[in-house]
Amino acid sequence: MTSAVPPPLRLQFRGGDAGNWRVRRQLTIAGESLPEVAHLDTAGTASPARWILTGFTSNLRYTAATERQVLAGIQAPLGRPEARLAALLPIRKSPRWWALAQDERLAIYRRSQHYAIGLDYLPAIARRLFHSRDLGEPFDFLTWFEFAAADETAFDHMLDRLRASEEWQYVDREIDYRLAAAA
Ligand code: HEM
């Protein structure tokens, strides 16, 4: 059965001196960093920005129908009042990854247990994946997560597991922004 797919949502993440999220910590995990900023604006109201990252939501590439059904039944929405913390992880994958065929990428994604690992942390962690590569952006993906303070340790544990996976051998640029809702 097909379910309604929402139209793509295009979003700007604007780093600067003002914005609806305060930057608690910025860690460069791989590759080149970005200039440090005090705030992140996702509401499109703060100006001016030191840097802007743009992404859009898209159709699924690697998720089987049954997995999609499971996710839809478990995952929490963004914007929960108790989820005062967030993380933005811009990610770029290497030319070696993009040179692979789709079935080869899918095999790596599956061997890496990305879906199974992620599932362990739902519904505590709410998430949204933005694609950037096709816009010619510096990152291929902008990954966004929202959670309560009590769940940050679990979030870190999930990152350890994903970063130890085969899939992450293809990640050549990654920055980890930890944020708190401003005001
Ligand atoms: C919160 C638990 C998580 C779940 C349930 C989850 C689930 C998924 C799923 C189902 C996909 C495939 C989407 C598709 O079919 O195209 C995906 C892709 C992706 N996820 Fe996760 N994920 C989680 C956490 C994370 C984390 C913490 C990161 C980053 C550190 C991350 C980074 C990505 C990236 C970059 C992709 C795109 C991969 C590609 O297209 O090459 N995910 N995730």
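Helices, of at least four residues, and strands, of at least two, are DSSP runs numbered from the N terminus.

**Figure 1. The whole chain in a predicted model.** The chain has five helices and eight strands. Read from the N terminus, these elements follow the order β-β-β-β-α-β-α-α-α-β-β-α-β. The radius of gyration is 16 Å, close to the 16 Å given by the globule rule for 183 residues, so the chain is as compact as a globular protein of that length. Along the principal axes, the C-alpha atoms fill a box of roughly 45 × 35 × 35 Å. Of the 183 residues, 19% are buried. Among contacts between residues at least 6 apart in sequence, 77% link residues at least 24 apart.

**Figure 2. The shell around the ligand.** The ligand has 20 residues around it, and those that come nearest are Leu60, Arg61, Tyr62, Thr63 and Gly118. At least two residues of the shell are supplied by each of strand 5 (85-93), helix 4 (114-119), strand 6 (126-131), strand 7 (141-147) and helix 5 (152-163). Helix 4 contributes the most, with four residues. By type, the shell consists of 14 nonpolar, four polar and two charged residues.

**Figure 3. The largest nonpolar core.** In soluble globular proteins, nonpolar side chains tend to be buried together. The largest nonpolar core here holds 22 residues, and Ala86, Ala87, Leu88, Leu142 and Leu179 touch the most other members. Strand 5, strand 7 and strand 8 (171-181) are the elements that give two or more residues to this core. Strand 5 gives the most, with six. A close view of Leu142 shows what surrounds one of these core residues. Setting aside neighbours within four places in sequence, Leu142 is in contact with Phe13, Leu53, Gly55, Leu88, Pro90, Phe130 and Ser132.

**Figure 4. Strand 1 and its pairing with strand 4 and strand 3.** Strand 1 (residues 10-16) pairs with strand 4 in the antiparallel sense over seven bridges. Arg14 has Ile52 as its bridge partner in strand 4. Strand 1 also pairs with strand 3 (residues 39-41), again in the antiparallel sense, over three bridges. In strand 3, His39 stands opposite Gly16.

**Figure 5. Thr57 in the loop after strand 4.** Thr57 lies between strand 4 (49-56) and helix 1 (65-74). Is this residue buried, exposed or partly exposed? Thr57 has 15 C-beta neighbours inside 10 Å, and a buried residue would need 20 or more while an exposed one would have 12 or fewer, so Thr57 counts as partly exposed. Apart from neighbours within four places in sequence, its contacts are Pro8, Leu9, Arg128 and Phe130. Thr57 and Leu11 are 46 residues apart in sequence, yet their C-alpha atoms are 8.6 Å apart in space.

**Figure 6. Backbone details on either side of helix 4.** Most residues other than glycine have a negative phi, and most peptide bonds are trans. Gln113, in the loop between helix 3 (102-111) and helix 4, is not a glycine but has a positive phi of about 65°. With 16 other C-beta atoms within 10 Å, Gln113 is partly exposed. Pro123 is found in the loop between helix 4 and strand 6. The peptide bond that joins Leu122 and Pro123 is cis, with omega about 5°.

Definitions and conventions: Residues are numbered from 1 along each chain as its sequence is written. This is a predicted model: local features need pLDDT of at least 70, side-chain atom pairs count only at pLDDT 80 or more; totals for chains, interfaces and linings use all residues. A residue is near a molecule or strand if its C-beta atom, placed from the backbone, lies within 6 Å of it. Ala, Val, Leu, Ile, Met, Phe, Trp, Tyr, Cys and Pro count as nonpolar, Asp, Glu, Lys and Arg as charged, and the others, Gly among them, as polar. A nonpolar core is a set of buried Ala, Val, Leu, Ile, Met, Phe, Trp, Tyr and Cys residues joined through C-beta atoms within 7 Å. Two residues are in contact if their C-beta atoms, placed from the backbone, lie within 7 Å. The radius of gyration is taken over C-alpha atoms; the globule rule is 2.2 Å times the number of residues to the power 0.38. Two strands pair if DSSP finds at least two bridges between them.
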